Each structure stands twice: as structure tokens, then as C-alpha cells.
Amino acid sequence: MKEATREALQGLAGIDVAIILMYMAGVLVLGTFFRKYVKSAGDFFQASRALPFWAIGMSIVVSDIGAMDFVAVAGSAYTDGIAVANFDWIGSMPAMVFAAFIFIPYYWRSGVYTIPEFLGRRYNVGVQVIHATIWGIFLLTMLSLMLWVTGDQLMNTILGWNPMVVVWAMVFITGVYTFSGGLSSVVMVDVVQLIIMFVGGIALLVLSMWEVGGLADLRHKVVEDTQPRMVIAFNTNRDISGDAVQSAIADAGFNVVGVDPVVSVKQEEGVRRFFVRLESLEIPETADADIVAVRSKAKDLVTTGLASLCGEGEEASVEQLRTYESHFTILLPHDTDKPYPWTGIVFGLGIVLAIAYMSGNQAVVQRTLGARSEWDAKGGMLFGGFLKSFIPLMVAVPGLCAVVLLPNLAEGDRAVPAMIGLLLPPGLKGLMFVALLAALMSSVDSTLNSSSTIWTTDIYGRFYQLVTGRTLDERRALIVGRIFTVVFIILAGLLARRVGTTKTIYVFIQTALSMFQGPTLAILLLGIIWPRATRWGGLAGLVLGVVFTTVLSNIKGLFPSDDPFLFVAWWSFVFSCIVTVIVSLLTKPEPKEKIRGLVWGQVMKDVEIQSVLHERTK
Amino acid sequence: MEVTGLAGRMSEAINNIFGPPLMRVFQPMNAFLAGTYMPWARVVAVGFFVGTMVWVFAGLKRAYVNLEAPSKHIWHDLRFWTVVSMLPHVIVYLYF
């Protein structure tokens, strides 16, 4: 098994490498083609407001789905089951509908470049700068992370290429075309990349399903036929035999089916790992039906049993305990030991994180701000939601198939690369790699363009105004935007290794996002639907909300999950709403003239009012 | 992951100061939710999709939803798009 998997992970044929190189060259040419259309900041940041709905929708999806989603979502499906698909189903479509009909019309009609700019108009400069700084830093971190995932987890794993060489190649290609053509280049390259991504993703889905025998067989094989597994780790350089591990665990009272050495591409020095297949998780002399308690007891029993194999200064631990009975259950109980309980999914993800992400993420919203009409802006969001519904089929389902085909992978994140190596023939393998690269590059270019927009408009623009007393003109904004583009992509390349090796990918992003998604959504929503919300209310809601998030994230055992980002997001949203309402009611209402055109029921397509608002913002 | 240094000390301080009062608020809620009958979770999730569709169809004015639409044909009606996009999700949440 080990040899088979290693073989599957190795190398691409000449035709695959040729396809990858042709793709990179093609993207570079297509992206730089749009340089001739960029004459002003409006062209660079908003594509001259000429984008049709289909391009917006495709670009939103491909910007949102990066290579890390292919890798990490499939990995999560491999270890935790289909529940991870909630992020693209309940965590996308309803939020995109709310974004299309509540938030987008407001941004679009007020003619802003960024969400912080909108918040600045609705509340004050403080809210604008804080929000912009948080997003600016977050987007930069995301850039580094995306680059590292491609370099390390894809290209290094499968081709053995030096990850930093790959990172700098990505930096060069995406940097050049984003610098040249701005949002137009980004969106049009995204359209091509989405098509490639879907072709590659569907190929992987079809071949995976073919191999396992269809959906019904997959369900049966995963849920009923796959035995529970443990990953046992010893911190030793000594050779420990599988037989010794097997007998130690059997002595603890478990029915052990077999012990296999862990298949891992990167073996750590000083650590020996084993996969232990169990007949069941039944524990001797216990009638406890609570799966969480059973798991905990099983870990204790096994660890105690393994102590006899450890020498001085060595120890053994149960790193993972995998069960598969809920791998086809999309809504898991509140107290599940997996990371996606239904309460967190519906309230934290569906109501807060998803809406905040789709309505408050500059990388998503910026496409709609470049729409040729309001209908295209809304339609693009809905079309994007529709396309996004297919992502779990292309990503999570192959992860589930890997449970059947490659059950002994130590890290779930290796599921997709291993499946590509195992299933796809030469040519198609190259195409799938191009799909992964497309997913990565489209996320990088979008994030890069959005970062430079935020830093140019909301941070540098404000600073420039403070120092000179003048607003940033179009020509200077274009130059500054391009400089930020270059600086950020180089910085992201330099930070890639450090950021990428910090924490588990998907949880890291979600945790970071949840820190300020709840508070941001609270002030955005109240700012739009409640005219009484004041500048001080918004500022207090944002700042205290982030503080509250920090408090919740640091208290152990407050929520059932180990990484309770879904619950933290929900409660920080509720807390920020309360703070914003209380502080607003205690402070002086905003003048009616200031909020005209920016709150529910007063939105209008009125150039005169918007120019008055713009002047007042100055 | 064990956090050390200043971040670790801050985390410990937050845990000590805010942990006990917040535990008293959240633990009863966790106990209540852990006992929830699971089919209710499915009802809530499906209700979220259906409720959103109903809101777009009945709660929003057609003129607001379709402002600047290229035509009045049904395929340019964003309410129709909403239903087409969301119905498959209802089926998925009933299947899984």
C-alpha cells in the first residue's frame, strides 16, 4: 500500500508539464492584453464599470475557491465527512442572495470603490480606517497562505519541486497581469480559469465515482465497511514493530484488525506513526453510548496500553481517532467532536460568517462594483451562488472517495494530490494540475487587486488627504494602486513559508475571519437597515466586538468544538449588534442629510445626492 | 497548539477573568442544544433556504429586484434565478 501510494504521488508525464507551461504562458498573455484599457483608477479598480453578470459570477466563484479549498476541503471531507460541504451550500447560496438584494444595491448605487469607503460614509473615518486595516492585513496573510499551499502541498508533494521556486513563479505571473490590467485582467483571466477548474474538477469527480462504484456504493463503503482507525505516534527514533503496537492495543481490550505504518510524504525525524484498524470502537466494560465520551475513554485506554512500549523520555499518543459513521451526515449534533456542529453551521456560518464574507469581503464585492448595471451586479452574485453549489461535488466527494481508495493517508490534506496521482491518466493529470493552479492564481489575483484597492483608497488615500488636504486624483491613485500591487505580491512571497507553516490551513483562515466577521456584519447591517445607528455606535460595535471575539476565542471549553470559530462568529455578531444599538441610542442621531441614500428606504440613483455625500466625506 | 510567551499569558489571564462568568451563561445553553432532537436541525436548515426564497418572492418588490433588467422575460427575472439556484440545496439537505 505504501509503495503504491508513493508511486501514485510521483511525477507528471512530459505532456502534463507541457500543459502546465502552456497554461501559465496563456494566462500571462491574456492578462497583460487588458493593459491597454487601463487609463485611470476607475479602470484599474472597477474595470470601467463594464462587467457583465456571467463574468462577475464566474469570477466570484473562482476567486473564492482557491487551490487550498481543493486541498483542505477534500482533506476535511476525508477526515470529517460531507459536513464540510456546508461551507459551499448553506454557507454560500443564502448569503449570496442576501448580498445581492440587501448589500450590493447600496454599495453599487453609492458609487464607492471599497466597503470600508462605504462604512466611512455611513459612520466615520475611524470605522473606515480600522476596517480597512484589518482587511488589508488579512488579505495579505491570505496571499501568503495561498502561495504556500500551491508551492508546498501541491507542487512539492507531487512533483518534488522546491516550494519556494513555485511560490516565486506564481508571484511573477499573477503580479505581472494584475499590475497590467487591474480588475479587467483579473476577471477575464478568472473566467478562463473557472472553465478549466470545472473541467478538471468534474474529471476527478467522475473518475473517483467510477472507481468506487457510484454514490450508493460510496455511502455503503464509507459508512458501513470502513473500520475505525487510530493514528498512534511515538516520539522516538527507535524501530517499533507493528506487532508490538497491535498486541499492546489488544491488551487494552480492543479488537485490532491490523496495524500499518503511516503513509506520509514528509516523515518527521524522531516520530514513528502507525495506523491501527479496529473492529469497532466498543470499549470493554462500558455501556456509555455517548460517542464523545467513548472516544475520550478509548484514547485514554490506548495511551495507557502503549506506555509499556515507551523507553525513558519517550511517550505515545493517539493523534487521531477516525470514525466514519457520520461521514454522510451533513448536519452533526451540537456536541459532536467533529468541527462542524449544526448549530454553528446554521447560525455561525449561514447567518453570520457567510453573509459577512459575501457582503463584506472586498475580493468578492469588488467584482459587483465593476458591473455594467445594477441588475448585472445582483445577477452576477446569484449566478456565482449557483456555480458554487457544484464545488462540493468536485472537491468534497473525491475526498470521500479517498476514504475508500486510500484509507491510510495520515493527513487529510494529502487526499486530493494522492487521488490525482492514483486516478488520472497523463494529459488529464496535467489538466487537473492546471485546474488547481487556476484555482490558486485566480484567488491570488483577486486578493492582490482587492488589497491594493483597499490600501490605496482607504489607507493611503486617507493619509494623503490628512497630510496634503487634497483628495487622491485618478492618475495618482492608479500609480499608487500599481505600486501596492507590486509591493504586496513580493511581500506575500517573502512571508509565504512562515505564514503557511503556522497552523492547519482551513481552520486558520476561518478563525482569523471569525475574529472580525461578526462585528463587521453587525455594523454593516445596522448601518443599512437602521437610520438611528450613529458613528460612535458603529465604532464601538466594531472595536468592542473584536475585543469580545478575542475573549471568546481564548476561553477553553466554552463551546463544544476545539476550534469554536462558528460559535465565536455568531456571539460576536450578537454582541456587536447590542453594543452598536446601545451606544447609538446614547449618542446624537446622525443628520438626515448625511445618511440620505445610504440607509434602507432611502437608496436612490441620484447623482446629485451622491456627489453631495462624496463632498461631505472629503 | 500550546501558546507560550506574552500571548500565552494573555490567554491565561482572559481565561481566568472572563471564563467563570461566561461559563455560567454558555454551559446551560450547550446542555440544552446538545439534547436537541436532530430532525429539528434539518427543519431549520431547509427552512433557511425556503424562507430566503419566500422573502425574495414575496418580501421584495419586483421592480426593486429587477431594476435595470435587460427585459421583462422570466429568464431575466432574478426572483426566478433565486428559486432555480436554491431548490437543489433543499434536495441536498433532505438527502444527506
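Start with chain B: select its domain 1 (1-35) and domain 2 (37-96), whose centres, taken over C-alpha atoms, are 38 Å apart. Domain bounds here come from an automatic or database domain assignment. You are looking at a predicted model, in which local features need pLDDT of at least 70, side-chain atom pairs count only at pLDDT 80 or more, and totals for chains, interfaces and linings use all residues. Residues are numbered from 1 along each chain as its sequence is written, while chains are lettered from A and ligands numbered from 1 in the order in which they are written.

**Where chain B touches chain A**

Now show both chains. Their contact takes 38 residues from chain B and 35 residues from chain A; two residues are in contact if their C-beta atoms, placed from the backbone, lie within 7 Å. On the chain B side, colour helix 1 (5-34), helix 2 (39-59) and helix 4 (78-95), each of which supplies at least two residues. Helices (H or I, at least four residues) and strands (E, at least two) are DSSP runs, numbered from the N terminus. Helix 1 of chain B brings the largest share of that side, 11 residues. By class, the chain B side has 26 nonpolar, 10 polar and 2 charged residues. Ala, Val, Leu, Ile, Met, Phe, Trp, Tyr, Cys and Pro count as nonpolar, Asp, Glu, Lys and Arg as charged, and the others, Gly among them, as polar.

**The domains of chain A**

Hide chain B and give chain A three colours: domain 1 (2-212 + 348-501), domain 2 (227-322) and domain 3 (503-587). The centres of domain 1 and domain 3 of chain A, taken over C-alpha atoms, are separated by 25 Å. Across this boundary, 29 residues of domain 1 of chain A are in contact with 24 residues of domain 3 of chain A. Select helix 8 (125-159) of chain A, one of the elements on the domain 1 side; helix 8 gives the most to that side, with 10 residues.

**Two helix pairs**

In chain A, pick helix 21 (residues 535-554) and helix 22 (residues 565-586), which pack at an angle of about 150° with their axes 8 Å apart. That angle makes helix 21 of chain A roughly antiparallel to helix 22 of chain A. Axes are lines fitted to C-alpha atoms, for helices over the stretch in contact, and angles run from 0 to 180 degrees between N-to-C directions; under 35 degrees counts as roughly parallel, over 145 as roughly antiparallel, 65 to 115 as roughly perpendicular and the rest as oblique. Show side chains at the contact, including A:Trp536 and A:Phe548 of helix 21 and A:Trp571 and A:Phe575 of helix 22.

Next, go to helix 9 (residues 163-212) and helix 19 (residues 474-500) of chain A, packed at about 170° with axes 10 Å apart. Helix 9 of chain A and helix 19 of chain A are therefore roughly antiparallel. Among the residues making this contact are A:Trp168 of helix 9 and A:Arg482 of helix 19.

**The sheet**

Last stop: the open sheet of 4 strands in chain A, with the order 2-3-1-4 and antiparallel pairing; two strands pair if DSSP finds at least two bridges between them. Strand 2 (256-261) and strand 4 (316-322) of chain A stand at the edges with a single partner strand each, so one side of each has no neighbour in the sheet. Strand 1 (residues 229-234) and strand 3 (residues 272-278) of chain A pair over 6 bridges. Label A:Ile232 and its bridge partner in strand 3, A:Phe274. Finally, add helix 11 (residues 242-251) of chain A, which lies across strand 1, strand 2 and strand 3 of chain A.
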